Amino acid sequence: YSEMKMVFNCHQERYFMMEQNKHLCNWIPIAIPFTTWHVSPPPFNHPLYGFFPLLAPMVLKFYDSLSFFQCPPSYILTKNKAEEVFPQLEEKNIKYCAVFY
């Protein structure tokens, strides 16, 4: 619960900064490239985290909901589109890329 509260408060702060200081703030996309559909061994030794590549789109939509959808929406990119939009990605075996703000 405390992590969700922290994210909620951070979203409120970001929104406030975007409204008050438009000349200083931009929405910057953060890309998460996925090269596998399952991570083994799972991060933090938690079995559910091993399935994050499959669950990422839903988790990021929940992340968007914590801001009451005031930030740009998260989305997914195919391998080809991800390489086009984010040329700095050097991984050649990307399955897909999740993007959030």
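## Terms and overall layout

A residue counts as buried when its relative accessible area is under 20%, as exposed when that value is over 50%, and as partly exposed in between. Lys81, at 37%, is therefore partly exposed. The model discussed here is a predicted one.

The chain contains three helices and three strands. Read from the N terminus, these elements follow the order α-β-α-β-α-β. The C-alpha trace spans about 40 × 35 × 15 Å along its principal axes. The chain has 101 residues, and 27% of them count as buried. Its accessible surface comes to about 7300 Å², with carbon and sulfur atoms supplying 64% of that area. Among contacts with a separation of 6 or more, 56% are between residues 24 or more positions apart.

## The nonpolar cores

In soluble globular proteins, nonpolar side chains tend to be buried together. Which residues make up the largest nonpolar core here? There are nine: Val7, Phe34, Ala56, Leu60, Tyr63, Leu66, Tyr96, Ala98 and Phe100. Helix 2 and strand 3, which covers 96–100, each supply at least two residues of this core. Helix 2 gives the most, with four residues.

Apart from this core lies another, made of seven residues, including Ala82, Ile94, Cys97 and Val99. Returning to the nine-residue core, its member Val7 touches Tyr63 and Leu66, if residues up to four places away in sequence are not counted.

## His11 and Ser74

His11 belongs to helix 1. Its relative accessibility is 4%, so His11 counts as buried. With neighbours within four places in sequence left aside, His11 is in contact with Tyr63, Leu66, Ser67 and Cys71. Tyr63 and Leu66 are also the residues that Val7 touches.

Ser74 sits in the loop between helix 2 and strand 2, the latter covering 75–78. Is Ser74 buried or exposed? At 6% relative accessibility, Ser74 counts as buried. Not counting residues up to four places away in sequence, Ser74 touches Leu60, Lys61, Asp64, Val99 and Phe100. Of these contacts, Leu60 and Phe100 appear in the nine-residue core, while Val99 appears in the core of seven residues.

## Salt bridges

Side chains of opposite charge can pair when their charged atoms come close. How many salt bridges does a search of the whole structure find? The search finds two.

One of the salt bridges joins Lys61 to Asp64, with 3.9 Å between the closest N and O atoms. Because Lys61 and Asp64 are three residues apart in helix 2 (residues 52–66), about one helical turn separates them. Lys61 is partly exposed, with a relative accessible area of 38%. Asp64 has a relative accessible area of 1%, so Asp64 is buried. Both Lys61 and Asp64 are among the residues that Ser74 touches.

A salt bridge also forms between the side chains of Lys81 and Glu84, at 3.4 Å from N to O. Lys81 and Glu84 both lie in helix 3 (residues 79–85), three residues apart, which is about one turn of the helix. Lys81 is partly exposed at 37%, whereas Glu84 counts as exposed at 57% relative accessibility.

## Cysteines

A disulfide is a covalent bond between the sulfur atoms of two cysteines. A search of the whole structure finds zero disulfides. For Cys25, the nearest cysteine sulfur is that of Cys10, 14 Å away, and Cys25 is in no disulfide. For Cys97, the nearest cysteine sulfur belongs to Cys71 and is 17 Å away; Cys97 is in no disulfide either. Why are these cysteines unpaired in the model? Two cysteine sulfur atoms count as a disulfide when they are within 2.5 Å, so the distances of 14 Å for Cys25 and 17 Å for Cys97 do not qualify.

Cys25 is buried, with a relative accessible area of 16%. Cys97 is also buried, at 0% relative accessibility.

## A nonpolar surface patch

Where nonpolar side chains lie on the surface, they can also be grouped. Tyr1, Met4 and Phe62 form a nonpolar patch on the surface, and together they have about 380 Å² of accessible area. Met4 lies in helix 1, which covers residues 2–20. With a relative accessible area of 38%, Met4 is partly exposed.

Terms used
Residues are numbered from 1 along each chain as its sequence is written. This is a predicted model: local features need pLDDT of at least 70, side-chain atom pairs count only at pLDDT 80 or more; totals for chains, interfaces and linings use all residues. Side-chain values use heavy atoms; hydrogens and water are left out. Patches are made of residues with over 30% relative accessible area and no salt bridge: like charges are joined within 9 Å, nonpolar side chains (Val, Leu, Ile, Met, Phe, Trp, Tyr) within 5 Å. Accessible areas come from the Shrake-Rupley method with a 1.4 Å probe; for residues, only the protein chains shown count as cover. A salt bridge is a side-chain nitrogen of Lys or Arg within 4 Å of a carboxyl oxygen of Asp or Glu. Buried means under 20% relative accessible area, exposed over 50%, partly exposed in between (1.4 Å probe, protein chains only). Contact means heavy atoms within 4.5 Å. A nonpolar core is a set of buried Ala, Val, Leu, Ile, Met, Phe, Trp, Tyr and Cys residues joined through side-chain atoms within 4.5 Å.
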